[in-house]
Structures are given as structure tokens and as C-alpha cells.
Amino acid sequence: MTAAQSNIPTRTEAKRILKVRGWTYETACRDAGGPLPVGFSHLSKVLGGFRDSERLLRLVAEIPSREFYNAK
């Protein structure tokens, strides 16, 4: 199954999603209390192309806007 068929964003799309929704790598990861259950290093390596993680790319696609997340 390809990324397009299973609705998994590409690394570039995932980076764009984070930016549009107001997140940085630092604020989105669990180290800073963000919604992603991974550390900064893993997030950085996946989005930089040094590691593969379809699960993390799916989680990035579902991330809420930072404004909404902080309002909770």
C-alpha cells in the first residue's frame, strides 16, 4: 500500500501540517507536553528522513491546532 492509498502524509506534508496548525517540533512532542507521544529526537529524525514511522506520520495528520489544544 502506498502513502496516498492509506492517507499517510509524506514527510513534507507532515512538516507543513505542523506549521499550519501552529506547532514546532519542540512544542508538539511529549517532552513539552504536546499531543504527540514521542520525544523531540524521534520526531526530528522521522520528519528529517532518518527514520521511518507511518504511525507518527498518521498522528501528525490528526494533530489539532495548537490554539485549540492549549484551550483545553
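**Why we call it that: a walk through a five-helix chain**

Mentor: Let's start with a side chain. In this predicted model, the side chain of Ser-53 reaches the backbone nitrogen of Leu-56 at 3.2 Å.

Trainee: What makes that a polar contact?

Mentor: The limit for a pair of N or O atoms is 3.5 Å. Ser-53 and the backbone nitrogen of Leu-56 come to 3.2 Å, so the pair falls within that limit and is called a polar contact. Ser-53 itself lies in the loop between H3 and H4.

Trainee: Why is Ser-53 called buried?

Mentor: Buried means under 20% relative accessible area. Ser-53 has 17%, so it counts as buried. Leaving aside neighbours within four places in sequence, Ser-53 is in contact with His-42 and Val-46.

Trainee: Let's try Thr-27 next. Where is Thr-27, and how do you know that it is buried?

Mentor: Thr-27 is in helix H2, residues 25-28. Its relative accessible area is 18%, and because the cut-off is under 20%, Thr-27 is buried. Its side chain reaches the backbone nitrogen of Thr-24 at 3.0 Å. Beyond the neighbours within four places in sequence, Thr-27 is in contact with Ala-32, Gly-34 and Arg-66.

Trainee: And why is Gly-22 called partly exposed?

Mentor: Exposed needs over 50% and buried needs under 20%. Gly-22 is at 36%, so it falls in between and counts as partly exposed. You will find Gly-22 in the loop between H1 and H2. Its C-alpha atom is separated from that of Arg-66 by 5.4 Å, although Gly-22 and Arg-66 are 44 residues apart along the chain.

Trainee: How do you know that Ala-14 is buried?

Mentor: Ala-14 is at 0% relative accessibility, which is under 20%, so it counts as buried. Ala-14 is found in helix H1. Setting aside neighbours within four places in sequence, its contacts are Pro-9, Leu-47, Leu-57 and Val-60. The C-alpha atoms of Ala-14 and Leu-47 are separated by 7.4 Å, with their places 33 residues apart along the chain.

Trainee: Which residues meet where H1 packs against H4?

Mentor: From H1 they are Arg-11, Ala-14, Ile-17 and Leu-18, and from H4 they are Leu-57, Val-60 and Ala-61. By class, that contact has six nonpolar, no polar and one charged residues. The axes of H1 and H4 are 9 Å apart, at an angle of about 35°.

Trainee: What makes the crossing of H1 and H4 left-handed?

Mentor: The near helix is turned anticlockwise from the far one by less than a right angle, so the way H1 passes H4 is called a left-handed crossing.

Trainee: What makes a set of residues a nonpolar core, and which residues have the most contacts inside the largest one?

Mentor: The members must be buried residues of the nonpolar kinds, joined through side-chain atoms within 4.5 Å. The largest such core has 15 residues, and those with the most contacts inside it are Leu-18, Ala-28, Leu-36, Leu-43, Leu-56, Val-60 and Ile-63. H1, H3 and H4 each supply at least two residues of this core. In soluble globular proteins, nonpolar side chains tend to be buried together.

Trainee: Which residues is Ala-28 in contact with, leaving aside its neighbours within four places in sequence?

Mentor: They are Leu-18, Trp-23, Gly-34, Pro-35, Leu-36, Leu-43 and Ile-63.

Trainee: How many helices and strands does the chain have?

Mentor: Five helices and zero strands. Of its 72 residues, 29% are buried.

Terms used: Residues numbered from 1 in each chain as written. Predicted model: local features only at pLDDT ≥ 70, side-chain atom pairs only at ≥ 80, totals over all residues. Heavy atoms only, no water. Buried < 20%, exposed > 50% of the residue type's maximum accessible area, 1.4 Å probe, protein only. Helix = DSSP H or I, 4+ residues; strand = E, 2+ residues; numbered from the N terminus. Contact = heavy atoms within 4.5 Å. Polar contact = N/O pair within 3.5 Å; in protein donor to acceptor, adjacent residues only side chain to side chain. Axes fitted to C-alpha atoms, helices over the stretch in contact; angles between N-to-C directions. Nonpolar A, V, L, I, M, F, W, Y, C, P; charged D, E, K, R; others polar.
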